[in-house]
Amino acid sequence: MKFTRRVMMTAAAAMVAFSGAAQADGHQVLDEIHFLIPGGAGGGWDGTARGTGEALTESGIVGTASYENMSGGGGGVAIAHLIENAESMGNTMMVNSTPIVIRSLTGVFPQSFRDLTLVAGTIGDYAALVVPADSEIADMNGLLEAYRTDASSFAIGGGSVPGGMDHLVAAMAMEAAGEDPTGFNYIPYDAGGAAMAGLLSGEIQALSTGFSEAVALADQGEVRILGVTAPERIEGSDAPTMMEQGVDVEFVNWRGFFAAPGIDEAQVEAMRAAIAAMYETEEWEAVRARNGWVNIHNPGSEFETFLEEQETQIGDLMRTLGFL
C-alpha cells in the first residue's frame, strides 16, 4: 500500500493578526523573556533562541532576554524541568523542533507537546537530497534510476540515527516516488563532516540533510542539490523542488517555542503577540537572513493542529519502517 506524506506548515499561516497584539514599530510587549534551550551552546536550538531574543530586544518588543542551556535526554531534561517548575516559569519560552514529535513517539522521553503550552512555530528549514558535485546523477529521476538499477548497493546517508529526521525524509521521497521506503540502505553518521566524507568517498550515493546546510555545501562546490522538500523554489536559490520533479513530498523541520503548562493566558498571548510583531522588524530580517531561515509563523491553535498532523504522518511512516 502506498502512502503519501505531506509534513508541512504553509506560509499562508505566516501573518496572523492578534487583537491587542503589539505594533511592529518597536512598542514593548514584554519586560523580559527567559529562553530555555534543551541543548548545548552553538546548536540549532541555541541559535534559534538567541537569534529570536536578539531580534526581540534590539527591536524594542521585549525589554531584556536571558538564556539557559539545559542539555540531556534528547531534550527531555528541559521539558521535564519546564513542567515540574511551571509555577515559576511564567516568563520562560523553551525552543524545540521536529524531534519533540519523533522522540515522543519513540519513547525517548515520556512527555509530548500536549504537556506544554504551545506559543508558536516560528521558522523552518526544508530538507534536501544531495550528491557529489561530480556525480553522474543529475536529478531525482537519476537518483531513482540508480537505485532501481542496483538497489542492493545503493545507500543514502544522513546525520541522524535510523528512524531520525534525515532517514525519514529519504524514506518519504522513496515512498512518494512509488518505491518501498524500507528498501534502500540508510547509513547514519555522527556529524556533517563524517557524512560528507562518506558521500565523497562513495560509501553513500546521496546525502539527506537540511536545505541550509545543502546550500552551503553547494556554494562551496562540493555537492549538487537534487531536490528540496519545499512547495516551491526557495527565494534566492535555483535548487529544484522534489514536487516539480514529480516526487510529491513537502517537509519542513520547524522550530518554535513552548511555555509551561498552566501559564496565565494573558502572558502566553503577550508572547504570541511579541513573536507576531517581530516578523515586521528589520532586526528580525537581519537575523533570519544571516542564518538562512525560512519564515513559517504558526501560532497557538494552528501550531497545535500542525503538530497533531505531523505526529500522525511521521508515526505512520515510522510504523511502516518498523521503528514503532
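Which strand does T92 lie in? T92 belongs to strand β4, residues 92–97. The model discussed here is predicted.

**T92 and E84**

T92 has a relative accessibility of 2%. Buried means under 20% relative accessible area, so T92 counts as buried. Leaving aside residues up to four places away in sequence, T92 touches H34, L36, L82, F258, A259 and M271.

E84 gives another picture. This residue is found in helix α2, residues 76–84. Its relative accessible area is 66%. The cut-off for exposed is over 50%, so E84 is exposed. E84 and P261 are 177 residues apart along the chain. Their C-alpha atoms are separated by 9.4 Å.

**Strand β8 and its partners**

Strand β8 covers residues 206–210. Of its 5 residues, 4 are buried, so β8 is largely enclosed by the rest of the structure. Strands β5 and β6 are both joined to β8 by bridges. The table sets out the two pairings.

| Strand joined to β8 | Bridges | Direction | One facing pair |
|---|---|---|---|
| β5 (residues 117–132) | 4 bridges | antiparallel | A128 and T209 |
| β6 (residues 155–158) | 3 bridges | parallel | G158 and S208 |

In the β5 pairing, A128 stands opposite T209 of β8. In the β6 pairing, the bridge partner of G158 is S208 of β8.

**Helices α5 and α10**

Two packed helices are described by the angle between their axes and the distance between the axes. Helix α5 spans residues 165–176, and helix α10 spans residues 300–321. Their axes come within 11 Å and cross at roughly 85°. Angles of 65 to 115 degrees count as roughly perpendicular, so α5 is roughly perpendicular to α10.

Which residues of α5 and α10 make the contact? From α5 come L168, A171, M172 and E175. From α10 come I314, L317, M318 and L321. By class, this contact has 7 nonpolar residues, no polar residues and 1 charged residue.

**The largest nonpolar core**

In soluble globular proteins, nonpolar side chains tend to be buried together. The largest nonpolar core here has 32 residues. L143, I156, L168, M174, F184 and V247 touch the most other members. Two or more residues come from each of β5, α4 (140–149), α5 and α10. Helix α5 gives the largest share, 9 residues.

L168 links two of these topics. It is one of the α5 residues in contact with α10, and it is also among the core residues that touch the most other members. Strand β5 recurs too: it is joined to β8 and gives two or more residues to the core.

Terms used. Residues are numbered from 1 along each chain as its sequence is written. This is a predicted model: local features need pLDDT of at least 70, side-chain atom pairs count only at pLDDT 80 or more; totals for chains, interfaces and linings use all residues. Side-chain values use heavy atoms; hydrogens and water are left out. Axes are lines fitted to C-alpha atoms, for helices over the stretch in contact, and angles run from 0 to 180 degrees between N-to-C directions. Angles under 35 degrees count as roughly parallel, over 145 as roughly antiparallel, 65 to 115 as roughly perpendicular and the rest as oblique. Contact means heavy atoms within 4.5 Å. Ala, Val, Leu, Ile, Met, Phe, Trp, Tyr, Cys and Pro count as nonpolar, Asp, Glu, Lys and Arg as charged, and the others, Gly among them, as polar. Buried means under 20% relative accessible area, exposed over 50%, partly exposed in between (1.4 Å probe, protein chains only). Two strands pair if DSSP finds at least two bridges between them. A nonpolar core is a set of buried Ala, Val, Leu, Ile, Met, Phe, Trp, Tyr and Cys residues joined through side-chain atoms within 4.5 Å.
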